[in-house]
Amino acid sequence: MTTSLPLKWRRNAAKASRQDQHFLALVLDAWSSRHSVGPVSFAISIATGIGAGAAGVALQMASRWPAVPLAVQVGIGATAGVLAMIATRQRFASQKARHAAAMALASSFLEASRDCVKLLDLQGHMLRINDYGATLMEASSPVELEGADWLGFWKGDDHDAAMAAFKCALGGTAASFRGSCTTTAGQPKWWDSQLIPIKDHNGKVIAVVCASLDISNQTRLHAELRTKSELMSEMEAHVQLAFFSYSANFEYFHYITAGSSNVFGIDREELLRNPNGWLDLVVPEDRVALQAEMGRMMAESSEGRAQYRIRKADGTVHWLRGTGYPVLDDNGNVLRIVGIVEDVTAEQERIAELDRLAYTDSLTGLANRAALLREIESRCAARKPFGLMFVDLDRFKVLNDTLGHLAADHLLRDVGGVIRGSLPDDAYVARLGGDEFAVLIGGVVDKAGLEALAQALLGSLSANRLQGGAGAFITASIGISVYPEHGSDHDALLSSADVAMYTAKKMGRNGYQFAGEEAARTIGDFELERDVPEALTTNQFFLHFQTIHEPHSLAVHSAEALIRWRHPARGLISPSDFIPLLEETGFVSDVGVWVLDHALRQLAAWRQASAMNLGISVNVSARQLGSEQIVRDVGRALKQYGIPPGKLEIELTETALMKNPQQAQKSIVELKRLGVRIAIDDFGTGYSSLMYLADFAPHTVKIDRHFTSKIEHDPTTQTIVEGIIGLAHKLGIKVIAEGVENAAQLDILRRVNCDYVQGFLLSEPQAPEGLMKQRA
Ligand code: C2E
Ligand code: MG
Ligand code: MG
């Protein structure tokens, strides 16, 4: 084909590639002579001398070769325009001139072209390729590709597309396709190819021009963009958050990412249609605060944050956290609000779990102390009355010691369950630690209602028969305080309930007590209890002695040791006020040993001062009597101070005997075996005084001063006293009358044969020095 090109064309192609010029000139020649409007229309306009302007040509080029820079296009266009004018002027003047113009145009066009332009024969072989095209195809020169099978460059689908386009061009119609083929160096490239049929004068297709634009970069960019956008879409669709751009005033969304489906359960198209759809899902409790925050953002043009719950269409409740940033114009007006909303349900659940662990008692699963304090404070802040029950198990320490910790823990768990189960569902039950539980009751705050609940709780504990080993059933003591009556914070409420509980214990356990006056007094008890150890070591305790006399001669028979406590802050405290407290706490044993020691030491001193017949009476409490330790203590003290056992009389109250008769009996038998005398104190005040006479066979009974005080006015009392004395004497028991305050009483007692008398009439309890003077 090359050889068949006219010679004159070849000569005119001085500067440009001869090959390129040749085939383009051929094309132009063919087109121009047909005056047809072909695909390369600018060329036709030149050839036909229609004289399209430079801009028009440039525009036409731009539509075909968008990749060619505008300046180049305009340059080409201008050239074309000038050439067109020249060509028009000399139109058909000379065949040679026409060819020369076409050659020049072809040259500049091909130089400027960024296409791979090829002339294909009817079999699809490349007849020619322009220089730039050869470069794009990474060929060493256009010649390398001459004769190559153009169709053979395409593979697979691309081959089919190339074939289809080629066939189309062969049929006389321009066609285009996009596809990838490799260069001669094997590098894949993407092409956008246009195939234009070249026809002869008869309209017969004689060749096909293929102009392929290298769109590899563009394709790669598109692919990258597509990948990025797919990535973004995937991310948006799979994360639990959505980005948004909201109009000012939150009226509509400019944009929201696909994550809206995950966050709200509403897809973005729906939200774009119905911008308030998400707001309708917000639970009513959170909506007001959320809208307030949105309003504040707008009013202050500042960043806003909100955490709120939504109920999705499927009924599940989710925690969302939204953050919005207003975008302002130059005048500071809000243009839009951009932000992010994320599902923080998992985070909230984790926080809730941590919170649960921090505020749960691990043993019972109930609320712990910290949780209780927090709950009390929040209820106080709400200023609604509520009741607080302080529940303490009775004798738990003993159980813990005897059962072992594992079993005790088990027991505590059961107790927790029973307390929980016995109270209304809205009762807040907590374990404070050890055997202490607390309950908050809202709603019921009248005394009767709380009493009923306390009773129900105690009833449940005993009904459930939780056995704490050794067959002992669990009971509890309950102290009750009420907000705001007994305090306005957790400190006040807990301590008043605690004190009330303590009072309940003092009153015999397995009961309840309301905070109040009795409890207030008990606060003092707490302090006293705390002070006992120090009192023992710093000599705050001391003894007074009250003499006991023979009624006729009034000779001193013995002296009763009576303890006193000179408290550094409270002054002198009477034993009736602190002995029951020591009894409750167990300190009475330590104090009892101290009394025994000091009393016997004093008797030893008196004996040394020749009061060899003087006896001593020492009061012993129920708890002391409940342990065999008393026997050892007494034995040791007698020995230590060289006191004949018969000179010591142990005074036991009826209540002490009543508490644990078996153990008391055992201790009494042992004490008697030591040779110590036993007296029943406050005789007649108990319920079965006479029975004690038989059971314990005491050496002495001390008729309570209650009788003595009535003896002179009340004949019945006198008869009773007479009867007691008669009975006692029959049993070989001596009788002491306590509380003798006047001569009339003394007279009667003498008459009814009372063995000894004791009372203020004869002597008040006093320090040992005074007593010696009295004797002297
Ligand atoms: P108690 O053993 O019956 O002691 C007699 C109490 O009556 C003493 O009270 C005494 O001061 C008081 N008293 C004596 N004569 C009269 C009188 O004519 N009229 C009146 N109104 N009272 C009189 P105190 O010393 O306050 O002791 C009270 C109770 O404390 C004692 O009653 C005794 O049960 C207990 N107690 C005293 N010291 C001790 C002790 O060392 N150990 C134990 N466990 N209890 C003690
Ligand atoms: Mg006594
Ligand atoms: Mg007494």
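Which residue bridges the magnesium ion (ligand 3) and the magnesium ion (ligand 2)? Select D681, the bridge between these two ions, which lie 4.1 Å apart.

Before moving on, note that this is a predicted model, in which local features need pLDDT of at least 70 and side-chain atom pairs count only at pLDDT 80 or more, while totals for chains, interfaces and linings use all residues. Residues are numbered from 1 along each chain as its sequence is written, chains are lettered from A and ligands numbered from 1 in the order in which they are written, and side-chain values use heavy atoms, leaving out hydrogens and water.

**Stop 1: the two magnesium ions**

Keep D681 selected and add ligand 2. The protein donors of this magnesium ion are E560 (OE), N619 (OD1), E651 (OE) and D681 (OD), at 2.0 to 2.2 Å from it. Donors here are N, O and S atoms within 2.8 Å of the metal (3.2 Å for Na, K and Ca); water is not among the atoms, so sites may look incomplete. Along the chain, the donors of ligand 2 are spaced E-x58-N-x31-E-x29-D. The pair E560 and D681 links distant parts of the chain: E560 is in strand 17 (residues 556–567) and D681 is in strand 21 (residues 677–683), 121 residues apart. Strands (E, at least two residues) and helices (H or I, at least four) are DSSP runs, numbered from the N terminus.

Now show ligand 3. D681 (OD), D682 (OD) and E738, which is listed with two OE donors, coordinate this magnesium ion at 2.1 to 2.6 Å. Their spacing along the chain is D-D-x55-E.

Are E560 and D681 buried or exposed? Both are buried. Buried means under 20% relative accessible area, exposed over 50%, and partly exposed in between (1.4 Å probe, protein chains only). D681 counts as buried because its relative accessible area is 5%. D682 counts as partly exposed because its relative accessibility is 24%.

**Stop 2: ligand 1**

Next, select ligand 1 and show what surrounds it. There are 24 residues around ligand 1, and the closest are Q546, E560, D681, E741 and F760; a residue is included if one of its heavy atoms lies within 4 Å. You have already met some of these names, so look at the individual distances.

- E560: a polar side-chain atom lies 2.9 Å from an oxygen atom of ligand 1.
- N619: a polar side-chain atom lies 2.9 Å from an oxygen atom of ligand 1.
- E738: an N or O atom in the side chain is 2.9 Å from an oxygen atom of ligand 1.

**Stop 3: a loop residue, Q540**

Now select Q540, which lies in the loop between helix 20 (517–537) and strand 16 (541–549). Q540 counts as buried because its relative accessible area is 9%. Its side chain makes a polar contact with the side chain of T538 (3.1 Å). A polar contact is a pair of N or O atoms within 3.5 Å; within protein, one must be able to donate a hydrogen and the other to accept it, and residues adjacent in sequence count only if both atoms are side-chain atoms. Leaving out residues up to four places away in sequence, Q540 touches E534, A535, R564, W565, R566, H567 and P568. Contact means heavy atoms within 4.5 Å.

**Stop 4: an antiparallel sheet**

Switch to a cartoon view and find the open sheet of five strands with the order 2-1-5-4-3 and antiparallel pairing. Two strands pair if DSSP finds at least two bridges between them. The edges are strand 2 (126–129) and strand 3 (175–182), each pairing on one side only.

Walk across the sheet:

- Strand 1 (residues 115–120) is joined to strand 5 (residues 205–214) by six bridges, and L119 has V209 as its bridge partner in strand 5.
- Strand 4 is joined to strand 5 by nine bridges, and S193 has S212 as its partner in strand 5. In the five-residue turn of this hairpin, G203 has a positive phi of about 85°.
- Strand 3 pairs with strand 4 over eight bridges, and R178 has D192 as its partner in strand 4. In the five-residue turn of this hairpin, G186 has a positive phi of about 90°.

**Stop 5: a mixed sheet**

Finally, find the open sheet with the order 12-13-11-14-15 and mixed pairing. Its edge strands are strand 12 (428–433) and strand 15 (512–514). Strand 14 (residues 476–483) and strand 15 run parallel, joined by three bridges; select I478 and its bridge partner Y512 to end the tour.
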